[in-house]
Amino acid sequence: MSLLLTNAAIVSMDQSDADYEVQPNYFIAIEHGKITQIGAMQDISSMQKQSAENHKQIIDCQNRLITPGLIDSHTHLVFAGNRAKEFEQRLTGVPYETIAKQGGGILSTVNATRIATEQQLVELALKRLSALTADGVTTIEIKSGYGLTLEDELKMLCAAKQLEQHANIKVSTTLLAAHAVPPEYKGDADSYIRYVCDEIIPAAVDAKLVDAVDVFCEGIGFNLAQTKAVFEAALTHGLNIKGHTEQLSNLGGSELAATMGATSVDHIEYLDEQGVKALAKHGTVATLLPGAFYFLRETQYPPIELLRQYKVPMAIATDFNPGTSPIASLTMMMNMGCTLFRLTPEEALRGVTCNAATALGLQDSRGQIRVGYDADLAIWNIEHPSQLAYEVGIPRLYARIVGGNLCKVLCKELCKELSND
Ligand code: DI6
Ligand code: FE
């Protein structure tokens with residue numbers, strides 16, 4: 001399996017502070033799902049001619065922009081039901097936390113998800129996924145957290161993994177059994193946490209269904225001691241850890257997570273300077289979720305200036321979920337990151353490529369266009385990368401490449417070109 005992209009305008013994104021650059025007239029050679037060579041077109045004859053003839057598929061990109069495939073590093077894509085009624089209730093002034101305390105919110109999605117079959121969950125998730133892939137996403141993180149029993153959490157993770165067989169996408173799975181206290185454990189969160197640590201985490205590991213473990217560390221979620229216990233159990237099993245922290249209040253969950261080696265802490269509207277320093281010290285990514293900020297009409301802004309000052313890498317994700325962010329567009333999140341949080345379009349692009357990869361512990365293989373990295377790319381019908389954050393709702397994707405496979409070609413022109421090959 002080999003592929004050669006010619007006349008590519010590469011948007012180079014790396015971890016350095018340098019501005020993004022567009023390098024026109026490049027080629028990218030791909031073999032066995034990896035990028036094997038990148039060079040200027042003028043050198044293609046000497047460097048590549050022989051192998052160019054051997055490439056099974058050649059795509060002339062006609063100097064379209066190529067970015068790393070986008071990475072949505074925080075989603076709750078797998079669930080059943082919807083929360084439109086709750087949305088209406090919130091619009092009349094009932095707060096999200098009040099709805100949760102009354103047994104609605106997350107627990108209403110838990111009820112719907114428990115009665116759904118794995119196959120139904122896959123079908124529901126595929127619809128949502130098609131919107132994300134049309135937006136250039138090639139890797140998605142998907143959390144459990146609406147099952148809250150061993151069987152239902154594993155059912156959600158299995159459904160998430162299955163998506164890889166039905167769509168051209170790479171899935172990273174996160175166990176979020178510590179999302180809410182289920183009705184069976186009402187008033188006894190500590191016992192539920194023991195169940196999560198002693199039974200659910202080991203079972204998910206045995207079934208090879210999980211890459212990371214997450215906790216909702218919050219007044220309406222779990223306290224610091226409970227969060228720590230879950231992280232310790234995850235680390236014992238060699239899993240990455242990450243946190244829903246400082247979303248509605250400041251409990252110090254981000255600092256705890258960073259100190260324990262978390263790859264990311266997410267939401268962080270209420271993060272303070274001490275927390276930011278901890279992220280910087282431990283190399284933890286700050287994941288911004290502007291969709292939830294917008295949908296909850298939050299007024300507390302994440303500490304963007306402090307994150308910049310301490311050089312904490314920032315990721316942006318959809319947080320796609322039925323309660324606080326039912327919005328399936330990662331480029332819309334880039335736009336919101338810029339308009340709501342005042343990120344630059346370049347920061348927004350890093351947030352859905354290299355920094356998103358780091359948030360998932362995948363910084364050595366994804367999120368950049370580099371030799372040796374996975375051949376996960378997005379080819380765009382745009383003139384400048386800032387357009388990804390600027391425009392909303394306009395189809396701009398020309399094609400995606402996932403693991404070296406050309407897929408989801410949206411543009412008729414390209415179909416024609418390929419069928420002539
Ligand atoms: N914070 C969120 O924004 C999602 N989970 C969480 O801990 C919301 C989940 C939901 O309301 O269903
Ligand atoms: Fe979330």
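Is I268 buried or exposed? I268 is buried, and its relative accessible area comes out at 0%. Keep in mind that this is a predicted model, so everything below describes a prediction.

**Two odd backbone spots**

I268 is worth a second look for its backbone too. Its phi is positive, about 55 degrees, even though the residue isn't a glycine. Most residues other than glycine have a negative phi. You'll find I268 in the loop between β11 (264–267) and α10 (273–282).

N25 does something similar: it isn't a glycine either, yet phi sits at about 60 degrees, on the positive side. Here the setting is a strand, β2 (residues 21–31). N25 has 38% relative accessibility, which makes it partly exposed, whereas I268 is buried.

**The iron site**

Now to the metal. Which residues hold the iron ion (ligand 2)? There are H74, H76 and H244, each through NE2, plus D319 through OD, and the distances run from 2.1 to 2.2 Å. The angles among the four donor atoms spread from 83 to 169 degrees, and the site is irregular. Tetrahedral would need all angles between 85 and 135 degrees, so the spread of 83 to 169 degrees rules that label out.

Along the chain, the donor residues follow the pattern H-x1-H-x167-H-x74-D. Take H76 and D319 as a pair: they sit 243 residues apart and link distant parts of the chain. H76 belongs to the loop between β6 (70–72) and α2 (84–91), and D319 to the loop between β13 (314–316) and α13 (330–341). Both are tucked away from the surface: H76 is buried at a relative accessible area of 2%, and D319 is buried at 1%. The cut-off for buried is under 20%, so D319 at 1% qualifies.

What does D319 touch, leaving out residues up to four places away in sequence? The list holds H74, T75, H76, H244, H267, L289, A292, T324 and S325. Among them are H74, H76 and H244, which coordinate the iron ion (ligand 2) alongside D319. As for T287, it is 32 residues from D319 along the chain, with 9.9 Å between their C-alpha atoms.

**How the helices pack**

Two packed helices are described by the angle between their axes and the distance between the axes. Here are three pairs in those terms.

| Helix pair | Axes come within | Crossing angle |
|---|---|---|
| α5 (residues 118–133) and α6 (residues 150–166) | 9 Å | roughly 55 degrees |
| α6 and α7 | 10 Å | roughly 35 degrees |
| α7 (residues 189–206) and α8 (residues 224–236) | 10 Å | roughly 5 degrees |

Start with α5 and α6, which cross at roughly 55 degrees. That makes α5 oblique to α6. The crossing is right-handed. On the α5 side, the contact uses E118, Q119, L121, V122, A125, L126 and L129; on the α6 side, K155, M156, C158, A159, Q162, L163 and H166.

Helix α6 also passes α7, again in a right-handed crossing. This time L150, E153, L154 and L157 of α6 meet Y195, E199, I200, A203 and A204 of α7.

Then there's α7 with α8, where the axes cross at roughly 5 degrees. That makes α7 roughly parallel to α8. The residues that meet are A189, D190, I193, V196, C197 and I201 in α7, and Q226, A229, V230, A233 and A234 in α8.

**Two more loop residues**

Past α6, I169 lies in the loop between α6 and β8 (170–178). I169 counts as buried, at 5% relative accessibility. Not counting residues up to four places away in sequence, I169 touches L129, T133, V137, T138, T139, I140, L163, E164, R400 and V402. Two of these names, L129 and L163, also turn up in the contact of α5 with α6. R64, by contrast, is 105 residues from I169 in sequence and 22 Å away in space, C-alpha to C-alpha.

How about G261, and where is it found? G261 is in the loop between α9 (253–259) and β11. G261 is partly exposed, with a relative accessible area of 45%. Its C-alpha atom is separated by 9.4 Å from that of L279, 18 residues away along the chain.

Key:
Residues numbered from 1 in each chain as written. Chains lettered and ligands numbered in written order. Predicted model: local features only at pLDDT ≥ 70, side-chain atom pairs only at ≥ 80, totals over all residues. Heavy atoms only, no water. Donors = N, O, S within 2.8 Å, 3.2 Å for Na, K, Ca; no water. Tetrahedral: all angles 85-135°; square planar, octahedral: opposite > 155°, others 65-115°. Helix = DSSP H or I, 4+ residues; strand = E, 2+ residues; numbered from the N terminus. Buried < 20%, exposed > 50% of the residue type's maximum accessible area, 1.4 Å probe, protein only. Axes fitted to C-alpha atoms, helices over the stretch in contact; angles between N-to-C directions. Parallel < 35°, antiparallel > 145°, perpendicular 65-115°, else oblique. Left-handed = near helix turned anticlockwise from the far one by under 90°. Contact = heavy atoms within 4.5 Å.
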